[in-house]
Amino acid sequence: MSAWLDAFVPAFALLALGALLKRRLLRDDTVWAGMERLIYWVLLPSLIVAALAPLDLATLPLGRIAGAIWGALALGTAAAVLLARRLALPHPAMTSVLQGGIRFNNLMGFAIVGALFGAEGVGFGAVATGIIVPFVQTVTTLAFAFDGQRGPPRPLAILRQLALNPLLLAVAIGFGIAALGGLPAGLAPTVQTLGRASVALGLLCVGAALSLQSFSDRIGVQAATGVLKLVVMPAITWALCTLLGVPPLATAVAVIFMALPTAATSYVMARALGGDAPLMAAITTTEHIVSVVTLPLWVMLVAP
């Protein structure tokens with residue numbers, strides 16, 4: 001029981017504290033915007049690099065893990081698009097359903113698997129992130145590009161956006177350093193320290209971005225998207241991991257990461273690229289609140 005409390009209480013307490021700080025102490029949006037930029041461009045990439053760099057890639061079942069996660073993401077993408085069409089949603093709302101259905105709050109994931117499984121869990125969390133991020137970033141970038149409102153998509157602009165994504169760069173750098181034998185002495189603890197800072201600050205920022213006022217916005221769409229993300233996606237991942245013979249700890253981490261609520265930056269992306277920002281805010285808030293119940297249940301089901 002104490003391990004569960006250590007895993008979940010800090011993560012959700014930091015979300016609640018972030019919401020409280022935003023409303024009582026740090027009300028200036030520029031403060032949170034600055035922290036979000038620091039986390040996105042420096043701290044979270046450092047966490048990914050630090051977790052991937054020491055891994056022995058030759059001993060990891062990367063192919064089987066990637067097959068399970070990419071298979072689940074492909075099915076989830078198709079389900080999100082079909083759900084949006086079934087509900088007769090316009091393209092901007094479809095992108096919010098898509099982001100709500102396949103994106104993930106990896107900062108929560110690292111906090112939970114680190115508390116439950118230690119450094120090995122964080123390592124597998126970095127592997128899961130390295131597999132999920134390229135797929136999700138590519139799919140969501142293309143979804144916004146094919147909105148039919150701004151003319152035909154520009155391939156070079158899309159490639160440039162993907163190439164400059166700091167999370168994709170961190171994944172590539174982390175796997176490259178791991179293949180070369182890891183970070184050198186001195187640099188490794190520096191990167192690790194920066195990475196550790198990302199979890200607490202990131203969860204505070206996520207909490208600050210949540211909005212209780214969004215609950216009443218298209219409740220049926222919120223509910224359907226939440227079921228897809230918090231129930232269907234981890235179930236598909238678990239089934240595929242079992243089918244492909246992924247080891248128990250790697251399966252548990254993969255399922256937990258796929259059971260996470262959507263990323264808080266989904267709202268930023270929706271607002272910047274012409275998506276349905278109010279719906280995205282509603283989906284993000286609802287999924288984080290419901291995950292208080294669903295995440296512990298998934299851990300109970302899949303923990304080795």
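## Exercises on an all-helix model

Arg64 lies in helix H3. The model is predicted. Work through the exercises with the structure in view.

**Exercise 1. Find how exposed Arg64 is, and which residues Arg64 touches.**

Step 1. Start with accessibility. Arg64 has a relative accessible area of 38%. Buried means under 20%, and exposed means over 50%. Arg64 therefore counts as partly exposed.

Step 2. Look for partners, setting aside residues up to four places away in sequence. Arg64 touches Leu244, Gly245, Val246 and Pro247.

Step 3. Take a distance along the chain. Ala74 is 10 residues from Arg64, and their C-alpha atoms are separated by 15 Å.

**Exercise 2. Describe the overall build of the protein chain: how many helices, how many strands, and what radius of gyration?**

Step 1. Count the elements. The chain has 12 helices and 0 strands.

Step 2. Compare the radius of gyration with the globule rule. The radius is 18 Å, and the rule gives 19 Å for 304 residues. The two values are close, so the chain is as compact as a globular protein of that length.

Step 3. Add the dimensions. Along its principal axes, the C-alpha trace spans about 50 × 45 × 40 Å.

Step 4. Check the burial and the surface. Of the 304 residues, 52% count as buried. The accessible surface comes to about 13,400 Å², and carbon and sulfur atoms hold 71% of it.

Step 5. Turn to contacts with a separation of 6 or more. Residues 24 or more positions apart account for 86% of them.

**Exercise 3. Locate the largest nonpolar core and the helix that gives the most to it.**

Step 1. Size the core. It has 95 residues.

Step 2. Pick out residues with the most contacts inside it. Among them are Ile65, Ile69, Leu73 and Phe257.

Step 3. Name the main contributor. Helix H5, residues 106–145, gives 17 residues to this core.

Step 4. Follow one core residue outward, again skipping residues up to four places away. The contacts of Phe257 include Phe104, Phe110, Val113, Ile132 and Lys229.

**Exercise 4. Is helix H10 mostly covered or mostly open, and what covers its buried residues?**

Step 1. Count. H10 covers residues 248–258, and 10 of its 11 residues are buried. The helix is mostly covered.

Step 2. Name some of the buried residues. They include Leu249, Val253, Ile256, Phe257 and Met258.

Step 3. Identify the cover. It includes helices H3, H5, H9 and H12.

**Exercise 5. Contrast Ala88 and Thr225: which is buried and which is exposed?**

Step 1. Place Ala88. This residue is in the loop between H3 and H4. Its relative accessible area is 64%, so Ala88 is exposed.

Step 2. Check the backbone of Ala88. Most residues other than glycine have a negative phi. Ala88 has a positive phi of about 55°, although it is not a glycine.

Step 3. Place Thr225. This residue is in helix H9. Its relative accessibility is 0%, so Thr225 counts as buried.

Step 4. List what Thr225 contacts beyond its neighbours within four places in sequence. The partners are Leu83, Val97, Gly100, Gly101, Ile283 and Glu287.

**Exercise 6. Where does helix H12 bend, and what sits at its start?**

Step 1. Trace the helix. H12 runs over residues 277–302 and bends by about 50° at Ser291.

Step 2. Go to its start. A side-chain oxygen of Asp276 reaches to within 3.1 Å of the backbone nitrogen of Leu279.

Key: Residues numbered from 1 in each chain as written. Predicted model: local features only at pLDDT ≥ 70, side-chain atom pairs only at ≥ 80, totals over all residues. Heavy atoms only, no water. Bend = angle between axes of the 7 residues up to and from the residue. Helix = DSSP H or I, 4+ residues; strand = E, 2+ residues; numbered from the N terminus. Polar contact = N/O pair within 3.5 Å; in protein donor to acceptor, adjacent residues only side chain to side chain. Rg over C-alpha atoms; globule rule 2.2 N^0.38 Å. Buried < 20%, exposed > 50% of the residue type's maximum accessible area, 1.4 Å probe, protein only. Contact = heavy atoms within 4.5 Å. Areas by Shrake-Rupley, 256 points an atom, 1.4 Å probe, with all protein chains shown as cover. Core = buried A, V, L, I, M, F, W, Y, C linked by side-chain atoms within 4.5 Å.
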